[in-house]
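Colleague: Got a minute? I'd like to go through this model with you.

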Amino acid sequence: MRLQARLPRFATSTVEAGSERSRAVLDGTEVVVANRWSLPADTVAIVGRPAVWTALDLALPAIPLGFTTIPAKRVRWEQDFGGHLFLAVTDADTSRVRIVEAGPLEANGAGNLVPFEYPEDDFERRGVVDFDPIVIPPPNGLAPAAFARLVLDAQRAYDGDQRYLAIEIPFLRVGRDSNSYAIGVLLASGVDPRAIPKPERERRYEWTGYPGAEDPVHRANFGAYLGAPTRLADGAIEVAYHDADGGVRLVVIGGAPNGTARLPDGSTVRLDALGRIVFAPDDARARGLPTRHTAPPAQIARRRFFPHDPAPQGAQITLVVGDESVPLVPGTEYRGTVFERHDALGLAFMRTGDGVEVVLPLAELGIELRDPRRVDELARVGTELTVGLHRDRHPKLAAHGNAWARDRFAWHRLHAPRPVEIATSVVAGLAVVALAGALVVRSRAWR
């Protein structure tokens, strides 16, 4: 949307909001447009454009000053406030591109976050873009065509059970928008968050960047969940991410950066600089992977599709407890000591007091706790933790022992307090005021 202001004879005021092609896409159809970006075959690229921008158009008239005249002058100022990210995906036919993006179900910006069609080819034709398309390299081990299919499959599997929030302040005002969706699709397709490139040659500058990109939509909303990891002979770890029907979406092997890993079939594979290699379902099956399968957890088996009351925030997080994939649910807590951490896979392994192994997905916990740095610092070997979920689905992470003091006095990212904390503070404040008032009244009575 473009907002443009005009004073009489000096500036104009208009609102531009795209063409009639802007619409929610709820029937699973693909949005296909001409390949105006000249992307090569089997490519996944992330594209950015303005979402809200303002323009001030000053038309200053000529001003006579006796012996001379100040000539008429026109001054135009334009500034972007926040950008919109989407994915462009090609196949063997490079004349067309499939658009993967999201927007609000309701025209007023309310309701569900749903797949959407904006006139992206028209925006590109008019130069309404923030930066040149950034090609997302396929994760190590995935062929470009297989990666493109995973991205399109993730869009088709999306359940729409997320509430749209038009303007989000990362880690402060909780919610998800179109940028959350674009990044969430990539993560559900095997991309490590550390491997998503940043724009380098920006054509336009966004004041607030791309709100929501730090709060990606959950894997669970795309029907994917974490399976039980298996330790390989040379110290590497194998883990599968499953589809909603229990099938395999992809298998990830994690080990030493730029190292190797020996698979159960005896073959050796080379890992990338992040210590990872990813296998598509067919390649995994050919190598006898995954070693273990886990059944869908409750939040996957009971997914709602485009409900009338979409979830305002998530914590749709899957843990692995023992050999089972289970949801992190309100009222259930896991207390134990971290005994292993695997940065290539973004997992921490915790053992409870009764010897049960709990696998924690660090990236998802960091996102939902709105403080990735704190999660990173606490999920260290030897730290005793309690991981749980409040009834309002706000996650909690509590440290014990020596880590408690370090965590208590360390700087934490500011985020909006939970409603129950606000209510408790108000009640406590009123109680203090009432007590003070009672003491004042009583002291006067004694006199």
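Modeller: Sure, we'll take a sheet, then a helix pair, then a pocket.
This is a predicted model: local features need pLDDT of at least 70, side-chain atom pairs count only at pLDDT 80 or more, and totals for chains, interfaces and linings use all residues. Residues are numbered from 1 along each chain as its sequence is written, and side-chain values use heavy atoms, with hydrogens and water left out.

Colleague: What is the strand order in the open sheet of three strands?

Modeller: The order is β3-β11-β10, with antiparallel pairing. Strands are DSSP runs of E, at least two residues, and helices are runs of H or I, at least four, numbered from the N terminus. Two strands pair if DSSP finds at least two bridges between them.

Colleague: Which are the edge strands?

Modeller: β3 (23-24) and β10 (102-104), as each pairs on one side only. Two bridges join β3 to β11 (residues 113-117).

Colleague: And which residue in β11 is the bridge partner of Arg23?

Modeller: Glu117.

Colleague: Helices now. At what angle do the axes of α2 and α3 cross?

Modeller: Roughly 125°, and the axes come within 9 Å. Axes are lines fitted to C-alpha atoms over the stretch in contact, with angles from 0 to 180 degrees between N-to-C directions. So α2 is oblique to α3; angles under 35 degrees count as roughly parallel, over 145 as roughly antiparallel, 65 to 115 as roughly perpendicular and the rest as oblique.

Colleague: Which helix gives the most to the lining of the largest pocket?

Modeller: α6, with five residues. A pocket is an open set of points on a 1 Å grid where a 1.4 Å probe fits, with protein on both sides within 12 Å along at least five of seven lines; lining residues have an atom within 4 Å of a point.
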